[in-house]
Amino acid sequence: MVAVRHVQISPSPLSVDRVLAAVADERVGGIGLFVGTVRRRDEGREVTTLDYTAHPSAEAVLTDLISRTAADRGVLTAAVEHRTGRLEIGDVAVIVAVGAEHRAEALDVCHELIDRIKAEVPIWKEQEYAAGDTSWVGLDGRSSETPSAGVVG
């Protein structure tokens, strides 16, 4: 059973060191690590800033998602931090770390976990472009809708 050691969704800057320390364990032989940063261009357009908004249930959803994704996969420890609020180009937006006895399991689950976080956790991204317009990203293709459109129950 995976030990979800640390889950944080916060407007405060994220810490790779804190996430790595959370997954450290004498049984862990490999750590899969993903660090997502704000990039300058997206979909061929220049991005100036972005804002992440999280539903109040996001941490609970994320904790459950980690447990379900890592179950019976050889994962021993896991930790995730995700930023909210206004971020600038180069800022760290998300950190995922997965500790397992072997590297293959750690890397595979880390990769799957970041994909599932983007698809399933109620955190939305509004990008501001150099042209001055904005769009919501990650609302199942409904980029012009507001985040509340994606909230269920």
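These exercises work through confidence, charge pairing and surface in a predicted model.

**Exercise 1.** Decide which stretches should not be read in detail.

*Solution.* Start with the chain: its mean pLDDT is 91, and 90% of its residues reach 70 or more. Next, look for low values. Residues 141-146 stay under 50, with 8 contacts beyond four places in sequence. Residues 148-153 are also below 50, with 5 contacts beyond near neighbours in sequence. Where pLDDT is low, the predicted coordinates should not be read in detail.

**Exercise 2.** Trace the salt bridges of Arg68 and Arg73 to their partners.

*Solution.* Arg68 pairs with Glu120, with 3.9 Å between the closest N and O atoms. This pair joins helix α2 (residues 58-70) to helix α3 (residues 103-120), 52 residues apart. Arg73 pairs with Glu112 at 2.8 Å. Here the partners are 39 residues apart, and Glu112 lies in helix α3. Now check exposure: Arg68 is partly exposed at 44% relative accessibility, and Arg73 is partly exposed at 30%. Finally, place both pairs in context: Asp64, Arg68, Arg73, Glu112, Arg116 and Glu120 form a network of salt bridges. The whole structure has 13 salt bridges.

**Exercise 3.** Determine whether Lys125 is buried or exposed, and whether a salt bridge is present.

*Solution.* Lys125 sits in strand β8 (residues 123-129). Lys125 is buried, and the nearest side chain of opposite charge, Asp42, is 4.7 Å away. A salt bridge requires a distance within 4 Å, so Lys125 has none. Beyond four places in sequence, the contacts of Lys125 include Leu50, Tyr52 and Trp136.

Key:
Residues are numbered from 1 along each chain as its sequence is written. This is a predicted model: local features need pLDDT of at least 70, side-chain atom pairs count only at pLDDT 80 or more; totals for chains, interfaces and linings use all residues. Side-chain values use heavy atoms; hydrogens and water are left out. pLDDT is the predictor's confidence in each residue, from 0 to 100. Contact means heavy atoms within 4.5 Å. Helices (H or I, at least four residues) and strands (E, at least two) are DSSP runs, numbered from the N terminus. Buried means under 20% relative accessible area, exposed over 50%, partly exposed in between (1.4 Å probe, protein chains only). Lys and Arg count as positive and Asp and Glu as negative; His and the chain ends are not counted.
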